[in-house]
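Thanks, everyone. Let's go straight to the model and walk through it.

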Amino acid sequence: MLDHRLRGYKDRLLRPLALAWGRVSPSSVTLLALVVGLTAAVLAARQMYALALALWLLNRILDGLDGLLARATDQQSDFGGYLDIVADFVVYAALPIGLFLGRATAGLGVNLALLLGSFYVNAASWMYLSAILEKRQAGAGARGELTTVTMPAGLVGGAETILFYSAFLIWPGALGWLFLAMAALVMMGIFQRLWWARRRLVEP
């Protein structure tokens with residue numbers, strides 16, 4: 001929800017770093033972000049929450065850096081965008097699972113399942129819609145977006161995910177409620193997106 005508003009600030013903050021890393025492959029940064037994110041998940045499973053939080057935030061910085069680096073050095077590619085989103089989804093799944101493994105209870109397992117289930121449906125809701133918009137030439141290029149394909153917004157986007165996952169690591173004792181709260185907002189975003197698609201995609 002906040003991603004489009006914050007993108008300009010993020011790009012200005014990271015641009016000097018992107019220019020300094022000009023000889024580095026953007027895909028290498030993506031893979032480094034993946035390793036850092038998976039390490040954060042392992043640390044969360046070991047209840048090393050402060051270090052896991054630091055690595056989670058580093059993962060997000062690197063995730064913002066790879067695309068900016070690709071644009072700044074004219075290394076954008078369809079494969080790079082594809083690799084980036086796959087790596088993101090791996091980390092988005094791994095960190096809650098790591099947190100659960102560190103504090104495993106039956107009740108928390110149900111809440112984790114609801115959270116990951118909401119992610120699964122959410123991915124279908126925006127990825128297929130994105131493909132339709134690109135097919136209709138109403139995608140990223142037509143909207144002036146910098147991403148490889150358009151990413152139809154919902155209530156929970158990248159910025160909100162950073163805040164929620166940080167909260168998971170700061171208040172692990174409240175994981176059950178936090179998992180439920182994020183799942184509920186993700187589901188609300190899915191219905192919001194469906195309503196938007198129903199109004200704009202159904203032929204008159």
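Which helices each supply at least two residues of the lining of the largest cavity? Keep in mind that this is a predicted model. The answer is helix H2, residues 26–45, together with H3 and helix H4, residues 78–102. H4 gives the largest share of that lining, with four residues.

Now the cavity itself. Searching the whole structure turns up one cavity of 30 Å³ or more. The space inside the largest cavity is about 30 Å³. Its lining consists of Thr-30, Ala-33, Leu-34, Asn-59, Arg-60, Asp-63, Asp-84, Ala-87, Asp-88 and Val-91. By type, that makes four nonpolar residues, two polar and four charged.

Next, H3. This helix covers residues 49–72. Does the geometry hold up, and what span should we expect for its 24 residues? At 1.5 Å a residue, H3 should span 34 Å, and its end C-alpha atoms are 34 Å apart, so the two agree. After H3 comes Asp-74, and its phi is positive, near 55 degrees.

One residue in H3 to look at is Asp-66. Is Asp-66 buried or exposed? Its relative accessible area is 4%, so Asp-66 is buried, since the cut-off is under 20%. Leaving out residues up to four places away in sequence, Asp-66 touches Pro-26, Val-29, Thr-30 and Asp-84. Two of those names should sound familiar. Thr-30 and Asp-84 are also among the residues lining the largest cavity.

That's my tour. Over to you.

Definitions and conventions
Residues numbered from 1 in each chain as written. Predicted model: local features only at pLDDT ≥ 70, side-chain atom pairs only at ≥ 80, totals over all residues. Heavy atoms only, no water. Buried < 20%, exposed > 50% of the residue type's maximum accessible area, 1.4 Å probe, protein only. Contact = heavy atoms within 4.5 Å. 1 Å grid on protein atoms, 1.4 Å probe; cavity = no way out; pocket = protein on both sides within 12 Å on 5 of 7 lines; lining within 4 Å. Points joined across faces, edges and corners; volume = space filled by probe spheres on them. Nonpolar A, V, L, I, M, F, W, Y, C, P; charged D, E, K, R; others polar. Expected span 1.5 Å × (residues − 1).
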